[in-house]
Amino acid sequence: MIKLSKTSKLDGILSWSLQALETCPASKNKDGSLVDACKGCYATTGNYNYPNVKLPRALNKEDWKRDSWVSEMVSALDSSRYFRWFDSGDVYALELAEKILQVMQATPWVKHWLPTRMHKFPKFKSVIAKMQALDNVVVRFSSDSVQGELVAGKTTSTIFSEESQLPDNATICRAYENAGKCNGCRACYSKDVPVIAYKSHGVKMAKVIKILQVKG
């Protein structure tokens, strides 16, 4: 059964998600430690820890493997014009990525936004390129930094604590100025916006920033 999420930040836009970290193989450094951006992951705090929030994400991890999942996802997006993949978790399996591509191809009326770190793995290169070639899809490569450092890619994102850390071509997400809501902004879905910069927030992320500042 298709389990979609609706987050208040996204003005009611639907998303399909998995449990954070356990479906995020690219969240770890070579030594097994978490990258800075994932140490303060918002999807491991607050409401995300409630059983009723975790349950559909756990179900989704198995549900996508069904033969009818692609067709059912297409039907579920019949009335959608914008869709976000993964407000938590990541496209951890190549077969899942290939199925998501099929959904994207079959729903040209929907603007899809897929943030991911799986660009780090060569085996995902081909399917990500096919996604990026679609007019209705933006795949944003997520930086591991929380200090505004960028990752190479056509459309990317980063986290910052001070605006002085950002390059001139970065578009700052202003949701933090609007009670955490997008307020109609759709920059993340636009191929014309090369870099989205998110302001670091939350107690957990503040601790990560403080440690980095002390080390620096």
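**Entry 1. Across the sheet**

I began at R84 and found that it stands opposite W113 in β4. The model I am reading is a predicted one. I then looked up how the two strands run: β3 and β4 are parallel and are joined by three bridges. I checked the burial of β4 next. Five of its six residues are buried, so I note β4 as largely enclosed by the rest of the structure.

I turned to the other partner of R84. In β3, R84 stands opposite S15. The pairing of β2 with β3 is parallel as well, over three bridges.

I then traced the whole sheet. It is open, has eight strands and shows mixed pairing. I recorded the order as β1-β2-β3-β4-β5-β6-β8-β7. Its edge strands are β1 (5-6) and β7 (170-172), each of which pairs on one side only.

Which strands does α4 touch where it packs on the sheet? I find β2, β3, β4 and β5. The direction of α4 makes about 160° with that of β4.

**Entry 2. S5 on the edge strand**

I looked up S5, which lies in strand β1. Its relative accessibility is 12%, and as buried means under 20%, S5 counts as buried. Setting aside neighbours within four places in sequence, I list its contacts as I13, L14, S15, S17, R57 and D87. S15 recurs here, the residue I had noted opposite R84.

**Entry 3. The largest nonpolar core**

I next examined the largest nonpolar core, which has 32 residues. Which members touch the most other members? They are W16, W69, W85, L96, I100 and M131. The elements that give two or more residues are α3 (69-76), β3 (82-85), α4 (94-106), α5 (125-132) and β5 (137-142). The largest share, six residues, comes from α4.

I note the general background: in soluble globular proteins, nonpolar side chains tend to be buried together.

I took W69 for a closer look. Not counting residues up to four places away in sequence, W69 touches I2, W16, D63, W64, W85, L96, K99, I100 and V103. I also found a second, separate core of 12 residues, which includes C173, C182, A187 and C188.

**Entry 4. Aromatic pairs**

I counted the ring pairs and found nine aromatic pairs in the structure. How do the rings of W16 and F86 meet? Their centres are 5.8 Å apart and their planes stand at 80°, so I record the pair as edge-to-face. W16 belongs to strand β2 (residues 14-16) and F86 to the loop between β3 and α4, so the pair ties together parts that are 70 residues apart in sequence. Both W16 and F86 are buried.

I then compared the geometry of W69 and W85. This aromatic pair is tilted, with 6.3 Å centre to centre and 55° between the planes. W69 lies in helix α3 and W85 in strand β3, so the pair ties together parts that are 16 residues apart in sequence. W69 and W85 are both buried. I followed the ring pairs further and found that they link W16, W69, F83, W85 and F86 into a cluster.

**Entry 5. Charges over rings**

I searched for charged side chains over aromatic faces. K61 lies over the face of Y92, at 5.8 Å from the ring centre. R186 lies over the face of Y82, at 5.2 Å from the ring centre.

**Entry 6. Three loop residues**

Is T107 buried or exposed? I find T107 buried, with a relative accessible area of 0%. Its place is the loop between α4 and β4 (111-116). Leaving out residues up to four places away in sequence, T107 touches V74, L77, H112 and N136.

I then looked for positive phi in residues other than glycine. L21 has a phi of about 70°. L21 sits in the loop between β2 and α1 (36-39), and with a relative accessible area of 29% it is partly exposed.

A179 also has a positive phi, near 55°. I located A179 in the loop between β7 and β8 (195-199). Its relative accessible area is 73%, and I enter A179 as exposed.

Technical notes: Residues are numbered from 1 along each chain as its sequence is written. Side-chain values use heavy atoms; hydrogens and water are left out. A nonpolar core is a set of buried Ala, Val, Leu, Ile, Met, Phe, Trp, Tyr and Cys residues joined through side-chain atoms within 4.5 Å. Buried means under 20% relative accessible area, exposed over 50%, partly exposed in between (1.4 Å probe, protein chains only). Helices (H or I, at least four residues) and strands (E, at least two) are DSSP runs, numbered from the N terminus. Contact means heavy atoms within 4.5 Å. Rings of Phe, Tyr and Trp (its six-membered ring) pair if their centres lie within 6.5 Å; planes under 30 degrees apart count as stacked, over 60 as edge-to-face and the rest as tilted. A charge sits over a ring if NZ of Lys or CZ of Arg is within 6 Å of the ring centre and within 35 degrees of the ring normal. Two strands pair if DSSP finds at least two bridges between them. Axes are lines fitted to C-alpha atoms, for helices over the stretch in contact, and angles run from 0 to 180 degrees between N-to-C directions.
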